[in-house]
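Reader: Please take one part of this model and go through it closely: the side chains packed away from solvent, and how they are held together. A single connected account would suit me better than a list.

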Amino acid sequence: MDELFIAALKEETPNLNKFYHSGVGKINASITLMKIIEKYKPLKIINYGTAGSLNNNLKGLIKCTTFIQRDMDARGLLDFKLGETPFDPVSTIHLSEDGYTCGTGDNFVNEKIEVDCDIVDMEAYAFAKICKLHNIKFECYKFISDYADDNSNEDWINNCNIGAALFVKKFPNCT
């Protein structure tokens, strides 16, 4: 299989039938993607999903090329920074300069966070790291569904269909 599409939830990909769904969070994302890689041995993984923006000027479908764990907090151990994985040479995944930084964590963000990133999600770092470790090409596109504020929950629910339609325009072969 040349390329494979993955998202966390079916709700994010209405009417997009060529998607695999991992479930929410880094653990579910990791388990599912490892099973898919083992079974299909894809050359490229394309992740699509929704994300909260930390910048009110960021809108629409964006490409992410840098990935961090926004909830990795080992600052109490030696001199590690927030978002840095202790003793791991692959703490930040940087694919290129032409995209945005995605901060992945296992919580739904609806207020300001300490980590410097453009958007927040709950799976992309896991997908990016697995692809890096397995030498699989990785692309990531996120639709800005909300602005990580008090309205995030309602905004996310209302915007899933819009993001999926934009993704189809970019990747018509995903339906």
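Author: Cys102 is a convenient place to enter, since its relative accessibility of 0% puts it under the 20% limit for a buried residue. The model is a predicted one, and every value below is computed from it. Cys140 is also buried, again at 0% relative accessibility. For both residues the closest cysteine sulfur belongs to Cys64: the distance is 4.8 Å from Cys102 and 4.5 Å from Cys140. A disulfide would require the two sulfur atoms to lie within 2.5 Å, so the sulfur of Cys102 is too far from that of Cys64 for a bond, and the sulfur of Cys140 is likewise too far from it. The disulfide count for the model is 0.

Cys64 leads on to the packing itself. It is listed with Ile6, Leu33, Ile45, Phe67, Ile119 and Phe138 as having the most contacts inside the largest nonpolar core, a set of 27 residues. Two or more residues of this core come from each of strand 1 (3-7), helix 1 (26-40), strand 3 (44-53), strand 4 (61-69), helix 2 (124-133) and strand 8 (137-146). Helix 2 gives the largest share, with 7 residues. As background, nonpolar side chains in soluble globular proteins tend to be buried together.

Ile45 shows what one member of this core touches. Leaving out neighbours within four places in sequence, its contacts are Leu4, Ile6, Leu33, Cys131, Ile136, Lys137, Phe138 and Glu139. Lys137 and Glu139 are among these contacts, beside residues such as Leu4 and Ile6. Apart from the largest core there is another, of 12 residues, which includes Phe143, Ala164, Phe167 and Phe171.

Phe171 brings in the aromatic rings. The model has 12 aromatic pairs. One of them joins Phe5 to Phe171 edge-to-face, with 5.9 Å between the ring centres and 75° between the planes. This pair links distant parts of the chain: Phe5 sits in strand 1 and Phe171 in the segment after helix 3 (152-170), 166 residues apart. Phe5 is buried at 3% relative accessibility, and Phe171 is buried at 11%.

A second pair is formed by Tyr20 and Tyr40. Their ring centres are 5.6 Å apart and their planes meet at 50°, so the pair is tilted. Tyr20 belongs to strand 2 (residues 19-21) and Tyr40 to helix 1, so the pair ties together parts 20 residues apart in sequence. Tyr20 is partly exposed at 27% relative accessibility, and Tyr40 is partly exposed at 28%. Phe5 and Phe171 also belong to a cluster linked by ring pairs, together with Phe19, Tyr48, Tyr141 and Phe167.

Two exposed residues in loops complete the account. Asn135 lies in the loop between helix 2 and strand 8, and both of those elements give residues to the largest core. Its relative accessible area of 72% makes Asn135 exposed. Its phi is positive, about 55°, although it is not a glycine. Phe87 also has a positive phi, near 60°, without being a glycine. Its place is in the loop between strand 4 and strand 5 (93-94). Phe87 is an exposed aromatic residue, with a relative accessible area of 65%. Most residues other than glycine have a negative phi.

Definitions and conventions:
Residues numbered from 1 in each chain as written. Predicted model: local features only at pLDDT ≥ 70, side-chain atom pairs only at ≥ 80, totals over all residues. Heavy atoms only, no water. Core = buried A, V, L, I, M, F, W, Y, C linked by side-chain atoms within 4.5 Å. Buried < 20%, exposed > 50% of the residue type's maximum accessible area, 1.4 Å probe, protein only. Helix = DSSP H or I, 4+ residues; strand = E, 2+ residues; numbered from the N terminus. Contact = heavy atoms within 4.5 Å. Phe/Tyr/Trp six-rings, centres within 6.5 Å; stacked < 30°, edge-to-face > 60°.
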